[in-house]
Amino acid sequence: MDIEVSTGDLFDQAADTVVVYAPTGRRQPAGATAVADRRVGGAIKRAQDKGLFTGTAGHVLEYPAPGRGRLKRIVVVETGDKIAEATAQQVRAMAGNLSRTLRGMDAGHVVLAAPNSVATSLSPEDAARAVAEGFVLGLYRFDKHHTRAADKPKGAVTGLTILASSARQRAATERGAHLGKVMAEATNLARDLGNEAANRMTPTDVAEEAQRVAAENGLECQIIERAEAERLGMGSYLSVSNGSIEPPKFIVLRYHGASRRGNYVALVGKGITFDTGGISIKPAGGMEAMKWDMCGAASVIGAIQAIAQLKPNLNVMAIAPCTENMPSGSATKPGDVVYAMDGQSIEVINTDAEGRLVLADGLAYAKSEGATTLIDVATLTGAMSVALGNVRVGIFSNNDRLWNQLDAASGPTGEKYWRMPIDDEYNRQIKSDIADIKNTGGRPAGSITAAKFLHAFAGDTAWAHIDIAGVMNVTSDRGEWTKGASGIPVRTLVQYVLNRGG
Ligand code: BES
Ligand code: MN
Ligand code: ZN
């Protein structure tokens, strides 16, 4: 979607729809609402007098615009009575809901005032970012496979003009609008990759998407094929692909923003394009959700797209070990022993604990390439949603500073994280009788023992593990969230990188 920043009169812009904020509780229309009220012959005041304003934030009333110009309608949106203190997240969520309401009206090109005009505790930049992000995220739909028009949204929002509160605030408003758009588009890319059906988003398809993103954004892209992965000793990653006829693809994207090469922040995303469980096969009910088991890979590809567009002064690598996890005559069996790239041996107790197997080689590869910060993202354990549900995202880290930086980075995004423990006592559960480590630790603390497995491959390098199993998808449209893949943690990853090398 096209997002512009402008100044001047709300009613002088090239738009089909003007949105006017009506802060709840005002007896007389004021400011832009008063101007709009005059344009519609006092209809807003009448609506207020007749009690048509409900006092609910987000409630809208629609008026036909006067005159013969392009402008078709004036939409008055109630902001609630606490709008002055609204946070960026509240503005983002309101913008998400508003964007879908406007689409339902077929609003076309929309113009609205920068939200800091009413949410006065926000800076012009943060306000513009929140509204741009909310619009682009809120309008997201995955409907490419609906062949009947009736199944698609009828209307459209084709563009958004954000009117800066003053000429002096124009530059900051532009910066915020651009940042919000880039962040949201990267999130929507991750959502698209996640939502696509597994027969159309195989490891080969993910690799093609990565190559496209690299070509469009000036990134280096390397696809490590099976033979090369064998030469590199990635026996843990490859063991997961044994049961599948789809060739595995180990994807590496590189962004160079620092003056010297090396010293990478590595973003490592689990890329299981479908997880049947393998020989330790999953029950049939709900298995279709396992097309989302590559949402970690999707999020690191989305994040590095935004990073390439925002150009921080630091080097970043996105690593996505992609494969299917299938049962077959050639599949890995429970009890098999495999070797990761760094030489550690692994006893595969349960072939359904495959995410940690592909990440072991992802982390080992990142270290061998000179990564000094490791952040992995994975739909790793069902136990994660038992622990934190779909509200908070679990983060595990061996480094307080890195955890604090990620926590700080999440602030402006509205994504919510919670630090989980990684005490060494948990290692007892993943000690193998015949190898260095085993890939499951039993039911207790299932998310933590999975993290401890990864910790063995991260070693002393600063590392954080983000288990997104509880939040990989959302089940209904609400605020900036739309049904399907969430795109978490794209915006936090990008913000973290910007904060370090902005
Ligand atoms: N991809 C799953 C985890 C998952 C489950 C993500 C549900 C999202 C929703 C992962 O590969 C898996 O199967 N984990 C097992 C681990 C177990 C075998 C130790 C699990 O959580 O049951
Ligand atoms: Mn699994
Ligand atoms: Zn999995």
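Which residues coordinate the manganese ion (ligand 2), and at what distances? In this predicted model, the manganese ion (ligand 2) is held by Asp275 through OD, by Asp352 through both its O and an OD atom, and by Glu354 through OE, with distances running from 2.0 to 2.2 Å. Counting donor atoms rather than residues, there are six around the manganese ion (ligand 2), and the angles they subtend spread from 71 to 169 degrees, so the arrangement comes out as irregular. Along the chain, the donor residues follow the spacing D-x76-D-x1-E.

The manganese ion (ligand 2) has a neighbour: the zinc ion (ligand 3) sits 3.1 Å from it. The link between the two metals is Asp275, which bridges them. Besides Asp275 (OD), the zinc ion (ligand 3) is coordinated by Lys270 (NZ), Asp293 (OD) and Glu354 (OE), with distances of 2.0 to 2.4 Å. Glu354 (OE) thus turns up in the list for the zinc ion (ligand 3) and in that for the manganese ion (ligand 2). Six donor atoms surround the zinc ion (ligand 3) too, but here the angles of 78 to 173 degrees make the arrangement octahedral. For reference, six ideal octahedral donors would give angles of 90 or 180 degrees. In sequence, the donor residues of the zinc ion (ligand 3) read K-x4-D-x17-D-x60-E.

Then there is ligand 1, which takes up the space of the largest pocket. Its surroundings comprise 16 residues, of which Lys282, Asp293, Asp352, Glu354 and Gly382 come nearest. Some of these names are already familiar from the metal sites: Asp293 is a donor to the zinc ion (ligand 3), and Asp352 is a donor to the manganese ion (ligand 2). By character, the shell around ligand 1 splits into seven charged residues, five polar and four nonpolar.

As for individual polar contacts, a polar side-chain atom of Lys282 lies 2.8 Å from an oxygen atom of ligand 1. Asp352 likewise places a polar side-chain atom 2.8 Å from an oxygen atom of ligand 1. With Thr379 the backbone does the job: one of its N or O atoms lies 3.3 Å from a nitrogen atom of ligand 1. Taken on its own, ligand 1 has 510 Å² of accessible area, and the protein covers 75% of that.

Technical notes:
Residues are numbered from 1 along each chain as its sequence is written. Chains are lettered from A and ligands numbered from 1 in the order in which they are written. This is a predicted model: local features need pLDDT of at least 70, side-chain atom pairs count only at pLDDT 80 or more; totals for chains, interfaces and linings use all residues. Side-chain values use heavy atoms; hydrogens and water are left out. A residue is near a molecule or strand if one of its heavy atoms lies within 4 Å of it. A polar contact is a pair of N or O atoms within 3.5 Å; within protein, one must be able to donate a hydrogen and the other to accept it, and residues adjacent in sequence count only if both atoms are side-chain atoms. Accessible areas come from the Shrake-Rupley method with a 1.4 Å probe; for residues, only the protein chains shown count as cover. On a 1 Å grid over the protein atoms alone, a cavity is a set of points where a 1.4 Å probe fits but cannot get out, and a pocket is an open set with protein on both sides within 12 Å along at least five of seven lines; lining residues have an atom within 4 Å of a point. A molecule sits in a cavity or pocket if more than half of its atoms lie within 2 Å of its grid points. Ala, Val, Leu, Ile, Met, Phe, Trp, Tyr, Cys and Pro count as nonpolar, Asp, Glu, Lys and Arg as charged, and the others, Gly among them, as polar. Donors are N, O and S atoms within 2.8 Å of the metal (3.2 Å for Na, K and Ca); water is not among the atoms, so sites may look incomplete. Four donors count as tetrahedral if all angles lie between 85 and 135 degrees; four count as square planar and six as octahedral if opposite donors are over 155 degrees apart and all others between 65 and 115; anything else is irregular.
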